[in-house]
Amino acid sequence: MSYTVRKFDAVIVGAGGAGLRAAIQLSEAGLKTAVLSKVFPTRSHTVAAQGGVAASLGNSEEDHWHWHMYDTVKGSDWLGDQDAIEFMCRKANEVVVELEHYGMPFDRLDNGKIYQRPFGGHMSNFGEKPVRRSCAAADRTGHAMLHAMYQRNVKANTQFFVEWQALDLIRDEEGDVQGVTAMDMETGDVVAFHARATLFATGGAGRIFHSSTNAFINTGDGLGMAARAGIPLEDMEFWQFHPTGVAGAGVLITEGVRGEGGILRNSAGERFMERYAPNAKDLASRDVVSRAMVTEINEGRGCGHNKDYVLLDITHLDPGTIMKRLPGIREIGLQFAGVDCIKEPLPVVPTCHYQMGGIPTNYHGQVVVHDQVINGFYAAGECACASVHGANRLGTNSLLDLLVFGKSAGETAVADLQQGRAHKPLHTASIDKTLARLDRLNTQKGGANVHEARLAMQRTMQKHAGVFRFDNLLKEGVAEILKVSEDVARTEIKDKSQVFNTARVEALELDNLIEVATATMISAEARKESRGAHVRDDAHDTAETPNGRDDKNWLKHTLWYREGNRLEYKPVQMKPLSVETIELKKRAY
């Protein structure tokens, strides 16, 4: 199989919020920048972000970046790196105002300032009471954000390659990254994008689970490419299950519904969150709310014929408020649940939503492995792990993450390139590996079916690594996912005639998904504690292990290496940039 070579100063894989924000920095600096995307940029999964972006603007009430930092560290169950968290929270106001100047149509207060709503886990004065911190554009914040940044990129002459599938990193013998191989999804043509800087912004991999709020394109492509290139994946045991996915559909109902006054109720009509989080109630952190909901269902207080969901009630809100602040949610309720939320509650259940782990980076956006910077390689957004989310992400910190670290990674890449980093001779051995992988897919006979292998992976993950995790189920899960991995290694494309290479693309995506699923299961089985979104039934609440969290043995980041499914660990950065360390304590809301 042949390929062509195209040269750029920078290549960005992924055109969601992080990729577009990074591209603005690079293109506006006059650098020749290519952005590869499987879909048209404004259809990237950032489009689905509903609730808002966190920033301590204080437009409705007093707020401060230090309070935001405290909430983020606490939300992370102290697994977040405090230097990166301080960096993000201090930069929040700046990047939100920048976005406003790009034309982002934020909702407004009567005085013209950006409207802000409360959100789960965001509190004033170091955990005292809920605060309005989420800057929102109704319930379509991510949609508006993508359009604002895409238009800015068009103005800056960013070059987009739409409906292209990135295949593998090009990495030389010294470990430096020289670009990526990619395939035109329409023609099947392969191109080596030879770049002085390569930035991954490929989003998450929620499709490893059977029930997910993630789009079908969220297949962990950046993580799979990094793992195959010998780069470890960090903290992959931590997956956030959003409390409110539409029961039976998995479609997201934003936390902004609860921020506007929505209440979770069980089959008796009881507001049950008061038992689990007396202070924050329905606006407790997402992992706390998800576990409370599953507990209500498991103890027989679920709703519906099978008692397998709870209700999200906003019928007490003014219909005008719903139509102004939550119009998309009413539409989702009508389309996916057959429920008009103005008149009756919505059926909801926790659903896989967000990956806290990813490609290890620092807050400059550089990919770093054991303090060694990988030259020419950057990552931002959900595919990256600067570890601002730790073991559990606070709502609206995802959009903040992609703005802050998309910009930071772009700035770092610009600085590196302006120092004169040149194109190194292209490492063709990396490209040959990609071509061999494509040839195997084209010629494999008698192998596993892609659809069946993917379904087996998703059901294994859903059963063995869900909201609650059990020692025996995790051990069984490791054995099962390794078996599925063997099947994926010999998948056969049954129909090679489909337009846009659909079958081939799905097989390539599965190659990436299985890397993420394997990393998740092995990392989860190894972590013998409960922390944030990772909750084991055999980790008990004691004075030494609050909520089952074992800081003595497990206050550390997991690093999973593909070769030999090897695990290593590195310390959590407890020292912030300029303030005192936020000390460990029991996490309660």
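These legends go with close-up views of a predicted model.

**View 1. The crossing of H3 and H11.** Here helix H3 (residues 82–101) meets helix H11 (residues 397–418), with axes that come within 8 Å and cross at roughly 90 degrees. That angle makes H3 roughly perpendicular to H11. From H3, the contact is built from Ala-84, Phe-87, Met-88, Lys-91, Ala-92, Glu-94, Val-95, Glu-98 and Leu-99. H11 brings Asn-397, Leu-400, Asp-401, Leu-403, Val-404, Phe-405, Lys-407 and Ser-408 to the contact. Sorted by class, that's 10 nonpolar, 2 polar and 5 charged residues.

**View 2. The largest nonpolar core.** This one holds 76 residues. If you want its best-connected members, look for Phe-193, Phe-200, Ile-208, Trp-239, Ile-359, Met-457 and Met-461, the residues with the most contacts inside the core. Helix H15 (residues 502–526) supplies the largest share, 13 residues. Zoom in on Phe-200 and set aside its neighbours within four places in sequence: its contacts include Val-13, Leu-169, Val-180, Met-225, Ile-359, Phe-377 and Tyr-378. Gly-222 and Cys-383 are also among the contacts of Phe-200. Another core, of 70 residues, lies apart from the largest one, and Ile-24, Leu-26, Trp-78 and Ile-114 are among its members.

**View 3. H12 against H15.** Helix H12 (residues 428–443) packs on H15 at an angle of about 125 degrees, and the axes sit 11 Å apart. An angle like that makes H12 oblique to H15. The crossing of H12 past H15 is right-handed. On the H12 side you'll find Arg-437, Leu-438, Arg-440, Leu-441 and Asn-442 in the contact, facing Arg-504, Ala-507, Leu-508 and Asp-511 of H15. The tally for this contact is 4 nonpolar, 1 polar and 4 charged residues.

**View 4. H13 alongside H14.** The axes of helix H13 (residues 450–464) and helix H14 (residues 471–488) come within 10 Å, crossing at roughly 170 degrees. Angles over 145 degrees count as roughly antiparallel, so that's how H13 and H14 run relative to each other. H13 puts Ala-453, Ala-456, Met-457, Thr-460, Met-461, Lys-463 and His-464 into the contact. Two of these names, Met-457 and Met-461, are familiar from the list of residues with the most contacts inside the largest core. H14 answers with Leu-473, Leu-474, Glu-476, Gly-477, Glu-480, Ile-481, Val-484 and Val-488. By class, the H13 and H14 contact comes to 9 nonpolar, 3 polar and 3 charged residues.

Note on methods. Residues are numbered from 1 along each chain as its sequence is written. This is a predicted model: local features need pLDDT of at least 70, side-chain atom pairs count only at pLDDT 80 or more; totals for chains, interfaces and linings use all residues. Side-chain values use heavy atoms; hydrogens and water are left out. Axes are lines fitted to C-alpha atoms, for helices over the stretch in contact, and angles run from 0 to 180 degrees between N-to-C directions. Helices (H or I, at least four residues) and strands (E, at least two) are DSSP runs, numbered from the N terminus. Angles under 35 degrees count as roughly parallel, over 145 as roughly antiparallel, 65 to 115 as roughly perpendicular and the rest as oblique. Contact means heavy atoms within 4.5 Å. Ala, Val, Leu, Ile, Met, Phe, Trp, Tyr, Cys and Pro count as nonpolar, Asp, Glu, Lys and Arg as charged, and the others, Gly among them, as polar. A nonpolar core is a set of buried Ala, Val, Leu, Ile, Met, Phe, Trp, Tyr and Cys residues joined through side-chain atoms within 4.5 Å. Buried means under 20% relative accessible area, exposed over 50%, partly exposed in between (1.4 Å probe, protein chains only). A crossing is left-handed if the near helix is turned anticlockwise from the far one by less than a right angle, and right-handed if clockwise.
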